[in-house]
Structure formats: structure tokens, C-alpha cells
Amino acid sequence: MATVEHDADVIVVGAGPGGSASAYHLARHGLRVLLLEKTEFPREKVCGDGLTPRAVKQLVKLGVVGAGGAAPDRDRAATAAAGWQVNKGLRVIGGGVRLELDWPELASFPNYGLVRTRLDFDDLLAKRAVAAGADLRTGVNVVAPVLDGSGRAVGVQAEVGPGKEPATFHAPLIIAADGVSGRFPLALGLAKREDRPIGVAVRRYYRSPARHEDDYLESWLELRSREGGDKLLPGYGWIFGLGDGRVNVGLGVLNSSTAFGKTNYRRLLTDWLDATPPEWGMNDEANADGPILGAALPMGFNRVPHYTRGVLLVGDSGGMVNPFNGEGIAYAMESGELAAEVVVQALARPEGPERERALAAYPAELKARYGGYYRLGNIFVKLIGNPQIMRIATKHGMPHPMLMRFVLKLLANLTDPRGGDAMDRVINAMTKVVPAV
């Protein structure tokens, strides 16, 4: 059999947060990394743009914020000038209550979050990967895996540039970080699981001088329309200030809701915003900055296995969005870091059973980290899909700040794994006793 010359030690498909984090950590360990991205930077991405402390921790590891980059904890003005809006917690609105919950003080995570548009956020992360030594190639659309005689992926087929010139790249291992579409794992026969939760989110930017410098991420548990006399709408909303005169406003609907797949989500967004105060500027089309865009949210490991035949799935490609709060960026970066650690160890072993044994650690560790938590999240999604249960929970839960602080820790997955307070110990115990997904 002819020997194939490898173009890299690892090919990473997709330069979103998961792909760039993978490439960064791989390159820092001295591996030759080929990072392939179908678009050109900067590029827009449908997202809420909010980053919890869990995501900030990963940005510190990448040197994007903290001592090596912007330092929100020390100089907020300089951080804002660098394009970041700092937040200190979550504001929850529902059941007639408006509650501000600061991010918890933990040893494991910073006590602040950030907001930044994906237009240049992804570009920043890709540049960090390049600075670490990764070979980033944009305008390269990966269309299919290259398989050997045993069905193992040993490379990728791609179309390069505007002319879609065919190209083939080879590597012993491939990380699929190609987002919710998951075209690469689909080509391997890995379809999404229909028994796992999925959401649909739409968002739009508005110019809003009154709301753009918010110290809190804002979450709406109830959406109402003026039409029909304060009519309750399906879904859950957010308003995140960007600090540049604009806000990111959006809503999501889960597949446990009867409205899922049967609703005009763009109309739903404008119906809700029409009922917001005029001084916010979100019910005036003249203040809109761009169209309403939508995307799917693949949750709770809705595509498995996360390793098979030379391919590791990272982030949305592996359905890793948190079912509790719709957060995907933190889990994309965390799984990217884990995938890199496993790949480094695997490539230090001979090809064959020894290497495969090392690679099997990736899905096993993902399951250990998130399996029980995501199982709880899947139950949570089914419960809140029932409007009556949600109404009762909002009415009786929102007036109790201590309970809501517990809920914040649970929904944002922010606990100290060892020690911590009583809330941490309860949440950690819950995720351990529940069978993993």
C-alpha cells in the first residue's frame, strides 16, 4: 500500500470557538495543525454574544483576556475600548419580579462575564491559534472525509476559494468543529439524535443608547405582546448590551414547546419588542441594525459518538449546547481543549490499538464531565416546555433570591467541584447521581 504524506498532524474543520481553541492547544504542544474555515474573517454569526464566567475562563487560557490580554477585573474603561462589555451577573425578569443575581464568587471561575459580537470574536480566537503556530486557511470548504479501506477518516476533501478548486488534505486525526450543520460527521453517518433537546433562536441588533451599557445580562422568562391585551408569547428572551450603542436582542424556543416548528419566530421577536418601552428603541424599525437572523441550538449531546474512526467532534458539531441556558461557546472551547489534550497523548503512541485506547478517553471524559448535568438539563427542558409548570415555577420561585441564586449556579453550571458552599455540593451531587446521557 502506498504511503500517504500527511499535510498536518491534525486537521481541524471549522474555525469557530471550538475549532480555534482546539487548534490553539494543539499548536502549543508542538503539533502541526491545519485549521480550515469555509468563510473569510471577520464574519457574522448568529449568537446572543453573551459570555458567562465559564466562557471567560477559557478566554483566559487562550490569552484573549486576563494578564495577557484585556483585563476586565482591573481596567473596565480599557476593556470597553478593546471591544468588550463587562457584566457582573444575570438579571432575570418574570412573574412580575425583576431580580439581579451577581455571578458567584468561586475558586474555579472568574466572577465576571463579557459581551462581544461574534463578528470579530471568532476572528480574535482564530488569530490566537495562528499565533500559537496553527496554519489557518480561510475560504476552504470541507465537503467530505477521505476514508481508507477500513472506513477510517485519513483526510478531507475540500473546495478552495471562489472558484471552488478541489483539494485534498491528509492527517492521521481530524477534529470536526463545523458547527450545528455537522456536515462532516453527517458524511460519516453520524446523524443527530431526535430524543435530545434542540432549540431555535433568533436575534437582532438594535441601536439603544438607553440599554447598551448594561452591567447585567438580561433574561426574560415571560414574553408578552400588546396585541390581544398583554398576550403571553412562547419562548424566552434576552437583552445583552454591547457597550457600543447597540444591544443584542433575541429569543429562543425549545422543542419541548408546542410552538416549536409552528411559529414565525421573526414575528414573535417583533411582537415582544413592540411591547417594550419606547425609550429603549427596540420597537422602532429605524433603530434596527441589520436583519433578524436565526439558528438552531443542538443540546445535550444530540450527536454521538464523539469519537469514531479518526474523528473527534467538538462543540455544536457534537451537540454540546447547555440545555439549561442555551450556552454553547464555553462548551465548544472546553471540548476543544479536551480534544487537544487527548490527541496529543494519542499521537505520542503507535498507530493501532494503543492510539485508539488513548482516543477512547475523549468521549469517556465528556460523559464524566457533562453527562449527568446534561441529563438533568434534558429533564429541565421537558418541564419548562409545559406553560403551566413554567408559570408556577416563575410565580413561586422568583420572589426568593436564595433559591434563584441556586438556580443561577445550576443553569450556568458554575460550581466549585471540590469544597464550595452548600449549593455547590447539592448541585455536584445531583449531577453525579443522575445517569449520564
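**Exercise 1. Unusual backbone geometry**

In which loop does Pro42 lie? Find its place in this predicted model, then look at the backbone around it.

*Solution.* Start with the location: Pro42 sits in the loop between strand E2 (33-37) and strand E3 (50-51). Next, check the bond that leads into this proline: the peptide bond from Phe41 to Pro42 is cis, with omega near -5°. Stay in the loop between E2 and E3, where Asp49 is also placed. Phi of Asp49 is near 70°, a positive value in a residue other than glycine. Both features deserve a second look, because most residues other than glycine have a negative phi, and most peptide bonds are trans.

Now move on to Pro305, in the loop between strand E19 (293-298) and strand E20 (307-308). Here a cis peptide bond joins Val304 and Pro305, with omega about 0°.

**Exercise 2. Two helices that meet**

Describe how helix H1 (residues 17-28) and helix H8 (residues 329-347) pack.

*Solution.* Begin with the axes, which come within 7 Å and cross at roughly 30°. Then take the handedness: H1 passes H8 in a right-handed crossing. On the H1 side, the contact is made by Pro17, Gly18, Ala21, Ser22, His25 and Leu26. From H8 come Ile329, Ala332, Met333, Gly336, Glu337, Ala340, Val343 and Val344. Finally, sort the contact residues by class: 9 are nonpolar, 4 polar and 1 charged.

**Exercise 3. The second largest pocket**

Which elements give two or more residues to the lining of the second largest pocket?

*Solution.* First the volume: this pocket holds about 690 Å³ of space. Of its 27 lining residues, Arg54, Arg369, Tyr370, Asn413 and Pro417 are the closest to the centre. The elements asked for are helix H2 (53-61), H8, helix H10 (361-384) and helix H13 (422-433). H10 gives the most, with 8 residues. By class, the lining has 8 nonpolar, 8 polar and 11 charged residues.

**Exercise 4. The surroundings of Leu221**

Which residues does Leu221 touch, leaving aside those up to four places away in sequence?

*Solution.* Locate Leu221 in the loop between strand E14 (216-220) and strand E15 (223-225). Then list its contacts: Val92, Ile93, Gly94, Gly235, Tyr236, Met390, Thr394 and Met398. For a distance check, the C-alpha atoms of Leu221 and Pro234, 13 residues apart along the chain, are separated by 9.8 Å.

**Exercise 5. The whole chain**

Why can the chain be called as compact as a globular protein of its length?

*Solution.* Count the secondary structure: 13 helices and 21 strands. Then compare radii: the radius of gyration is 22 Å, close to the 22 Å that the globule rule gives for 437 residues, so the chain is as compact as a globular protein of that length. Along its principal axes, the C-alpha trace spans about 75 × 50 × 45 Å.

Note on methods
Residues are numbered from 1 along each chain as its sequence is written. This is a predicted model: local features need pLDDT of at least 70, side-chain atom pairs count only at pLDDT 80 or more; totals for chains, interfaces and linings use all residues. Side-chain values use heavy atoms; hydrogens and water are left out. Axes are lines fitted to C-alpha atoms, for helices over the stretch in contact, and angles run from 0 to 180 degrees between N-to-C directions. Helices (H or I, at least four residues) and strands (E, at least two) are DSSP runs, numbered from the N terminus. A crossing is left-handed if the near helix is turned anticlockwise from the far one by less than a right angle, and right-handed if clockwise. Contact means heavy atoms within 4.5 Å. Ala, Val, Leu, Ile, Met, Phe, Trp, Tyr, Cys and Pro count as nonpolar, Asp, Glu, Lys and Arg as charged, and the others, Gly among them, as polar. On a 1 Å grid over the protein atoms alone, a cavity is a set of points where a 1.4 Å probe fits but cannot get out, and a pocket is an open set with protein on both sides within 12 Å along at least five of seven lines; lining residues have an atom within 4 Å of a point. Grid points are joined across faces, edges and corners, and a volume is the space filled by probe spheres set on the points. The radius of gyration is taken over C-alpha atoms; the globule rule is 2.2 Å times the number of residues to the power 0.38.
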